[in-house]
Amino acid sequence: MKALLLKEYGDFVFQEVAEPEVHEGEVLIRVRACGICGSDVHGMDGSTGRRRPPIIMGHEASGVIAEVGEKVSGWNKGDRVTFDSTIYCGSCWFCQRGLINLCDDRRVLGVSCEDYRQHGAFAEYVAVPQRILYRLPEAVSFEHAAMVEAVSVAVHAVERTPISLGDTAVVVGAGMIGLLVVQALRLAGCGNIIAVDLDEGRLKLARRLGADLDLKADGCDVSKEVKDYTRGRGADLALEVVGTSPSVNCAVACLRKGGALTLVGNLKPSVELPLQTVVTRQLTLYGSCASSGEYPACLNLMARGAINVEALISATPPLAEGAMWFKRLYDREPGLMKVILLPWQEKVVSG
Ligand SMILES: [Zn+2]
Ligand SMILES: [Zn+2]
């Protein structure tokens, strides 16, 4: 089969590789769409240590079951599916409690690190265990389904956040996840949603996707604007989707006393925290990691059009062009958001 292989750091080749073996409990999927994740782009130069060549990356995918392995039940050849980006073990202390994102033995598809090498879905076929499969609703196209991981990350973060109907929430960072967080907050019953970013285009999109107010972080005193907007009190909630000292501090400064901050972004391994503000204003901080079983709910929201992913997809080129698109993302081409690679040349039928 053809695959996009990271042969050396920064060097992709589109080449023939062996088809994956289908072990007991697994299915073989003919991949129809696979999104390029920020973690793939950051990983391609070796800086994260989690994409050690040679590796076929790709964990945001969808496709059709091409072959069913032994001891698989309830799934058939031809089923339209997507799958969790993480292969959780299903039996550790955390998995037994449904905290699959915290599994002791989790392997991310398309990742190679010190502990394992798990080839991913930038290929014509990928084999995955049955337990991570999800059926696609008819109304969700393969390209849209490749966005479900990102949607789940946003929905999981919103579910971690203690929201009351009508709350005012600030979202710091209006990149792809931030824009999905804005939409999920609206669905969860927030009254007012304020988007904060440095990029005018993203802020415009945030407004289109449900934010009531947008603030350009370098163009105003963000926390003052938020306080003015909330009669001097501050926002009930903040979600931080960047992960740097300035952005975390901005989120903290926007909160009212007793407010809650959910941390999703983690660009930097550590940041400065205004400890006394957090303590004396009695703030609550939540971490949010990946997602934990939200895929079916997210697919349903997408099928009903309650979450718009189309606005976040920049391009859907063939997998053969993958190297060039990785480079454009790596070079931070302005305005470029999600790129979804299609391993098969024929037009993917939507819907
Ligand atoms: Zn991802
Ligand atoms: Zn586990």
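The following dialogue examines how several descriptions of this predicted model are justified.

Visitor: What makes the arrangement around the zinc ion (ligand 1) irregular?

Guide: The 4 donor atoms subtend angles of 73 to 152°, whereas a tetrahedral arrangement of four donors requires all angles to lie between 85 and 135 degrees. A square planar one would need opposite donors over 155 degrees apart. The angles of 73 to 152° satisfy neither condition, and the site is therefore called irregular.

Visitor: Which residues coordinate the zinc ion (ligand 1)?

Guide: The donors are Cys37 (SG), His59 (NE2), Glu60 (OE) and Glu149 (OE), at 2.1 to 2.4 Å. These distances count as coordination because the limit for a donor to zinc is 2.8 Å. Along the chain the donors follow the spacing C-x21-H-E-x88-E. Within this set, Cys37 and Glu60 link distant parts of the chain, 23 residues apart. Cys37 belongs to the loop between strand S3 (26–35) and helix H1 (38–43), and Glu60 to strand S4 (residues 60–68).

Visitor: Why are Cys37 and Glu60 called buried?

Guide: The word applies under 20% relative accessible area. Cys37 has 14% and Glu60 has 3%, so each is buried.

Visitor: What makes the arrangement around the zinc ion (ligand 2) tetrahedral?

Guide: Its 4 donor atoms subtend angles of 103 to 116°. Since four donors count as tetrahedral if all angles lie between 85 and 135 degrees, the arrangement earns that name. For four tetrahedral donors the ideal angle is 109.5 degrees.

Visitor: Which residues supply the donors of the zinc ion (ligand 2), and at what distances?

Guide: Cys89 (SG), Cys92 (SG), Cys95 (SG) and Cys103 (SG) coordinate this ion at 2.3 to 2.4 Å. In sequence they are spaced C-x2-C-x2-C-x7-C. Two of these residues can be set against the 20% limit: Cys95, with a relative accessible area of 10%, is buried, and so is Cys103, with 7%.

Visitor: How many cavities of 30 Å³ or more does the structure hold, and what lines the largest cavity?

Guide: There is 1 such cavity. The largest cavity has a volume of about 50 Å³. Among the residues that line it are Asp84, Tyr88, Arg106, Glu149 and Ser291. By class, the lining has 4 nonpolar, 4 polar and 3 charged residues. Glu149 is thus listed both in this lining and among the donors of the zinc ion (ligand 1).

Visitor: What is the volume of the second largest pocket, and which residues lie nearest its centre?

Guide: About 390 Å³ of space lies in this pocket. It is lined by 20 residues, of which Pro20, Glu21, Gln118, His119 and Ala127 lie nearest the centre. Strand S10 (residues 125–129) gives the most to the lining, with 4 residues. The lining has 12 nonpolar, 4 polar and 4 charged residues.

Visitor: Which residues have the most contacts inside the largest nonpolar core?

Guide: They are Met147, Val151, Leu179, Leu180, Leu185 and Leu312, in a core of 52 residues. Elements that give two or more residues to this core include helix H4 (148–160), strand S12 (168–172), helix H5 (176–187) and helix H10 (295–303). The largest share, 8 residues, comes from H4.

Visitor: How do you know whether Val279, Leu273 and Leu319 are buried, partly exposed or exposed?

Guide: The limits are under 20% for buried and over 50% for exposed, with partly exposed in between. Val279, in helix H9 (residues 275–280), has 55% and is therefore exposed. Leu273, in the loop between strand S16 (255–263) and H9, has 37%, which places it in the partly exposed class. Leu319 lies in the loop between strand S18 (313–315) and helix H11 (322–330); at 1% it counts as buried. The C-alpha atoms of Leu319 and Trp344, 25 residues apart along the chain, are separated by 7.6 Å.

Visitor: What backbone features are found at Arg231, Arg332 and Pro54?

Guide: Most residues other than glycine have a negative phi, and most peptide bonds are trans. Arg231 has a positive phi of about 55°, and Arg332 also has a positive phi of about 55°. Arg231 is in the loop between helix H7 (222–229) and S15, and Arg332 in the loop between H11 and strand S19 (338–341). With 81% for Arg231 and 66% for Arg332, each is over 50% and so counts as exposed. The peptide bond from Pro53 to Pro54 is cis, with omega near -5°, and Pro54 lies in the loop between H1 and S4.

Note on methods: Residues numbered from 1 in each chain as written. Chains lettered and ligands numbered in written order. Predicted model: local features only at pLDDT ≥ 70, side-chain atom pairs only at ≥ 80, totals over all residues. Heavy atoms only, no water. Donors = N, O, S within 2.8 Å, 3.2 Å for Na, K, Ca; no water. Tetrahedral: all angles 85-135°; square planar, octahedral: opposite > 155°, others 65-115°. Buried < 20%, exposed > 50% of the residue type's maximum accessible area, 1.4 Å probe, protein only. 1 Å grid on protein atoms, 1.4 Å probe; cavity = no way out; pocket = protein on both sides within 12 Å on 5 of 7 lines; lining within 4 Å. Points joined across faces, edges and corners; volume = space filled by probe spheres on them. Nonpolar A, V, L, I, M, F, W, Y, C, P; charged D, E, K, R; others polar. Core = buried A, V, L, I, M, F, W, Y, C linked by side-chain atoms within 4.5 Å.
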